[in-house]
Amino acid sequence: MILLQQIALVVGMTVVTVLSRNMFLLSRKPMPLPARVKIALRFAPAAALAAVVAPELLLLTPLGPPWVKLGAAVIAAGYFFARRGILGTILSGMVAYWALSWISRTWA
Amino acid sequence: MTTVHRDQTLFAQPALREGMRDMRAVSLGIAAWGLVTGVAMVKSGLSVQLALAISLFVFAGSAQLAVLPLIAAGAPLWLILGTAFCVNLRFVVFSAQMRPYFEHLPRLRRLVYGYLIGDLSQVLMIRRHPHPTGDPQQTHYFLGVSLANWIAWQVPSIIGILTAQHIPGAWGLAFAGTLALLGIVLSLLADRTIAAVIVVASALSALLFWLPLRLNLVAAIIGALMVGMAWEAWSQRQLASSGRLLDGTKP
């Protein structure tokens, strides 16, 4: 990336942060929202994050066979549902990822 | 009271200290997430300077992680920013929830407080002060929570950025960023409609991955939103009740 693109990226993403977190704080005037927009607000973050995560888990597997990442994700999700907490989710997923990579390398 | 005087006494406020204490109790998870984000940014190919600028200015972990694959794939800027905005739409909901607490403040203060809104600071604020009263104690508490959140995020993030190049690529630490995002997706799983939205978005995004410019994201988000809205409309008709759309959002 050239410098100009990097600056545009940082400025643009900062504007996105400021805009999204201040949407209802910019003005004191009441801001009624149509019901459809409220529904979109509720679903969009989950949709966007899932759309980013899914190909990373299902398709982009440069290290080892696809089941390595997917298996690690299943174990991390299992931890999340059992205990909650982002720290344990990351740790359990990484340990599973290393273990499954090692197994796939040794057995293949 | 002059502004200078107010700012000097602000950090002596017991409510501010209480907020910092409450956040410190849950800061380990934030710190881990910050560290992972810092490492993942550099491991996915960003320069140290760019990663530092993003960490300090953008200050939005899930959006930062979400755009990494797009930047690596050379996606156009509008798609990168659009994805970041979609991921950040939960903050729009938070800003609506925080509005009654900050309404009485001058605009600049409102904007600074708004910029500091985070997932956990918002949860702690609503838990500690469920009813906005306009009492300065409440905004002091929010500031305490948010400052502790900022420190608990930025320090590990910067450490991660500065040490990432010394961590071997074979450790696959960029995957930790994906796992952090997975955890956030799962934490958003409040009801069956959101589960359907997540399944549809995942399936469309993976099936349409062959599209250029990572346009699979656009198709996946639009498709999932349409399914979510249709599902919601159907269950609304089933329940024949309304008015709990925003309340149904899990903080």
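Trainee: How many residues does each chain bring to the contact between chain A and chain B?

Mentor: Chain B puts in 73 residues and chain A puts in 55 residues, where two residues are in contact if their C-beta atoms, placed from the backbone, lie within 7 Å. Keep in mind that this is a predicted model, where local features need pLDDT of at least 70, side-chain atom pairs count only at pLDDT 80 or more, and totals for chains, interfaces and linings use all residues. Residues are numbered from 1 along each chain as its sequence is written, while chains are lettered from A and ligands numbered from 1 in the order in which they are written.

Trainee: OK, and which helix has the largest share of chain B's side?

Mentor: That's α6(B), with 18 residues. Helices (H or I, at least four residues) and strands (E, at least two) are DSSP runs, numbered from the N terminus.

Trainee: What's the mix of nonpolar, polar and charged on that side?

Mentor: On the side of chain B that touches chain A there are 54 nonpolar, 14 polar and 5 charged residues. Nonpolar here is Ala, Val, Leu, Ile, Met, Phe, Trp, Tyr, Cys and Pro, charged is Asp, Glu, Lys and Arg, and the others, Gly among them, are polar.

Trainee: Switching topic: how many helices and strands are in chain B?

Mentor: Chain B has 12 helices and 0 strands.

Trainee: Do any of those helices make a good packing example? Say, at what angle do α4(B) and α9(B) pack?

Mentor: About 170°, with the axes 10 Å apart; axes are lines fitted to C-alpha atoms, for helices over the stretch in contact, and angles run from 0 to 180 degrees between N-to-C directions. So α4(B) is roughly antiparallel to α9(B), a label for angles over 145 degrees.

Trainee: Which residues meet there?

Mentor: Val48, Ala51, Leu52, Ser55 and Leu56 of chain B, in α4(B), meet Gln154, Ser157, Ile158, Ile161 and Leu162 of chain B, in α9(B). By class, that contact has 7 nonpolar, 3 polar and no charged residues.

Trainee: Now B:Ala12, is that buried or exposed?

Mentor: B:Ala12 counts as exposed because it has 8 C-beta neighbours inside 10 Å. The cut-offs are 20 or more other C-beta atoms within 10 Å for buried, 12 or fewer for exposed, and partly exposed in between, with C-beta atoms placed from the backbone. B:Ala12 sits in the loop between α1 (3-10) and α2 (14-25) of chain B.

Trainee: And what percentage of chain B is buried?

Mentor: Buried residues are 48% of its 251 residues.

Technical notes. Angles under 35 degrees count as roughly parallel, over 145 as roughly antiparallel, 65 to 115 as roughly perpendicular and the rest as oblique.
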